[in-house]
Amino acid sequence: MPEAFRHESRKKSMTNKEKYINCFTQALEVPAEGVEKLEYQGVESWDSVGHMSLVAALEDAFGIQMDTDDIVDLSSFEKGIAIMKKYGVEI
Amino acid sequence: MTNDDLFSINPFSLGSDEKARILASKLRELTEFHRGHCAAYKDVTDALGWDPDAVKSQSDIPFIPVRMFKNHELLSVPRSEIFKTMTSSGTTGQRVSKIFVDRQTGMEQQKALIRIMSDFVGKKRLPMLIIDSPEVVRNRSMFSARGAAILGLRMLATEAAYALTPEMELDLEAVDGFLSRHGDGPFLCFGFTFMVWHHLYESLRDKGMKLDLSRAHLITGGGWKKLVSLNISGKAFRDAIHSSCGISSFIDHYGMVEQTGCIYAQCPCGHLHASVFSDVIMRRPQDFSECAIGEEGIIEVVSVLPHSYPGHALLTEDQGVLLGEDDCPCGRKGKYFKVTGRLKSAELRGCSDTYAAGF
């Protein structure tokens with residue numbers, strides 16, 4: 001993950017929603033537009049490599065460590081919101 | 001019971017009667033689905049004789065030889081829905097199998113792999129040292145079976161480091177770096193059998209070195225034929241790795257690209273286990289009838305996951321022996337077995353075997 005992003009995602013002024021969206025746009029290299037509709041394998045960059053970058057970004061942004069079951073269940077932007085809730089992160 | 005239900009239960013929790021009932025119903029449905037969506041598969045199953053009412057258990061499902069995927073492009077969904085085509089790791093001159101995977105099948109395969117593996121190494125993710133070169137996964141659009149296996153297991157890990165350089169030399173700097181960060185806690189080590197033998201063990205031996213990987217669970221897979229041809233048994237392999245790296249937790253597995261995800265992992269008793277997602281049936285070569293426990297036969301594999309291609313019941317080119325069902329001392333339910341070799345005329349094609357063919 002680029003250093004600039006690490007710094008940015010930890011800014012207090014960002015809402016969880018903004019941080020969450022940032023994780024997707026940075027890890028999957030996609031524009032913020034339409035990010036809510038993203039699904040695993042739905043875009044070329046969200047393959048198994050992109051998936052692990054996304055997981056790393058989420059873990060870093062919210063200071064959590066996800067279980068393997070949640071990593072495989074992280075199949076869409078929407079689904080991820082429910083998963084974040086399990087870790088006490090309200091998006 | 002839907003596939004989602006299977007994903008919510010322990011992957012080794014179904015006893016034989018219940019499993020047979022669930023598999024029979026799911027595999028019957030899959031057979032009907034593939035007959036309706038893949039003309040070549042319908043022709044074959046017509047020829048084999050298909051009677052859905054006669055299906056009482058998983059062994060009543062018609063099976064096709066795994067080789068069919070080499071000679072035919074078999075798929076049951078529109079090509080536009082295929083997001084990756086997996087190829088078997090055939091050596092030069094051999095035809096490769098082409099397996100067409102859509103999003104649903106791919107996700108379920110990944111889930112099954114993780115569900116099964118985490119039953120062996122725990123739900124908590126651990127750092128992983130991969131005994132391979134990062135080059136194997138460099139090209140994201142063109143994964144070999146070897147790269148796919150690495151990426152599939154990568155999800156079990158918090159952090160992954162590669163132990164070999166692009167030239168397939170032991171990267172001591174990378175290994176030392178990994179060990180200084182994680183060497184004193186439990187971690188995962190993954191590599192294909194031959195890679196671990198040749199690039200880790202032999203390389204250390206030639207350098208006169210040892211490494212402390214004593215906290216590692218070593219996950220291996222991808223074929224033993226090369227090592228068998230060098231007269232190295234499973235026990236000799238484990239003894240050698242233990243003496244040079246201190247590893248005492250070994251998890252080998254059996255699996256194939258035609259049924260990715262449904263791996264058969266080896267418990268501490270040395271038995272390969274079938275999970276709730278799949279099963280093995282040993283068949284007599286004379287008439288394909290089912291072997292008794294303890295009798296060597298050709299391994300048939302069935303899996304409830306293949307949706308985009310008709311690969312839910314396949315006769316492999318491997319031989320094995322069913323050792324028992326539901327009563328392994330490790331506590332896992334389901335069948336447990338061992339692989340005894342490959343059919344004489346069959347090709348060399350395990351992931352590490354095809355790599356090893358170059359040595």
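Me: Which residues of H8(B) and H10(B) meet each other?

Reply: When two helices pack, start by listing who touches whom. Here, H8(B) brings Val196(B), Trp197(B), Tyr201(B), Leu204(B) and Arg205(B), and H10(B) answers with Phe237(B), Ala240(B), Ile241(B) and Ser244(B). Sort them by class and you get 7 nonpolar, 1 polar and 1 charged residues. Keep in mind that this is a predicted model.

Me: How do I describe the way H8(B) and H10(B) cross, and at what angle?

Reply: Look at the two axes, then ask about the angle and the gap. For H8 (residues 193-207) and H10 (residues 234-245) of chain B, the axes come within 10 Å and cross at roughly 45 degrees. H8(B) and H10(B) are therefore oblique to each other. Add the handedness and you're done: this crossing is left-handed.

Me: What about H2 and H3 of chain B, at what angle do they pack?

Reply: Same recipe. H2 (residues 16-37) and H3 (residues 39-48) of chain B pack at about 120 degrees, and their axes are 6 Å apart. That angle makes H2(B) oblique to H3(B). Now for the contacts: Thr31(B), His34(B) and Arg35(B) sit on the H2(B) side, and they meet Tyr41(B), Lys42(B) and Thr45(B) of H3(B). By class, that contact has 1 nonpolar, 3 polar and 2 charged residues.

Me: Chain A has an H2 and an H3 too. Are those parallel or antiparallel?

Reply: Check the angle before you name it. In chain A, H2 (residues 16-27) and H3 (residues 48-62) pack at about 150 degrees, with axes 9 Å apart. H2(A) and H3(A) are therefore roughly antiparallel. As for handedness, H2(A) passes H3(A) in a right-handed crossing.

Me: And which residues make the contact between H2(A) and H3(A)?

Reply: On H2(A), find Lys19(A), Cys23(A), Phe24(A), Gln26(A) and Ala27(A); on H3(A), find Gly50(A), Ser53(A), Leu54(A), Ala57(A), Leu58(A) and Ala61(A). These divide into 7 nonpolar, 3 polar and 1 charged.

Me: Let's zoom out. How many helices and strands does chain B have?

Reply: Counting the elements gives you a feel for the whole chain. Chain B has 11 helices and 14 strands. For overall size, try a box along the principal axes: the C-alpha atoms of chain B fill roughly 60 × 45 × 40 Å.

Me: Chain B has 359 residues. What radius of gyration would a compact globule have?

Reply: The trick is to set the chain's own value beside the one for a globule. With 359 residues, a compact globule would come out near 21 Å, and chain B has 20 Å, so the two agree.

Me: Which domains does chain B have?

Reply: A domain can be made of separate stretches of a chain, so read the bounds carefully: the domain assignment gives domain 1 as 3-74 + 261-351 and domain 2 as 110-254. Their C-alpha centres lie 27 Å apart.

Me: How many residues are in contact between domain 1 and domain 2 of chain B?

Reply: Count each side separately. Domain 1 has 18 residues in contact with 20 residues of domain 2. On the domain 1 side, strands S9 (264-266) and S14 (335-342) of chain B each supply at least two residues. S9(B) gives the most, with 3 residues. The classes on that side of domain 1 are 13 nonpolar, 4 polar and 1 charged.

Me: Last one: how many residues does each chain give to the contact of chain B with chain A?

Reply: Treat it like the domains, but between chains. Chain B gives 16 residues and chain A gives 13. On the chain B side, helices H5 (103-121) and H6 (145-154) each supply at least two residues. H5(B) gives the most to that side, with 7 residues. Sorted by class, the chain B side has 6 nonpolar, 4 polar and 6 charged residues.

Terms used: Residues numbered from 1 in each chain as written. Chains lettered and ligands numbered in written order. Predicted model: local features only at pLDDT ≥ 70, side-chain atom pairs only at ≥ 80, totals over all residues. Axes fitted to C-alpha atoms, helices over the stretch in contact; angles between N-to-C directions. Helix = DSSP H or I, 4+ residues; strand = E, 2+ residues; numbered from the N terminus. Parallel < 35°, antiparallel > 145°, perpendicular 65-115°, else oblique. Left-handed = near helix turned anticlockwise from the far one by under 90°. Contact = placed C-beta atoms within 7 Å. Nonpolar A, V, L, I, M, F, W, Y, C, P; charged D, E, K, R; others polar. Domains from an automatic or database assignment. Rg over C-alpha atoms; globule rule 2.2 N^0.38 Å.
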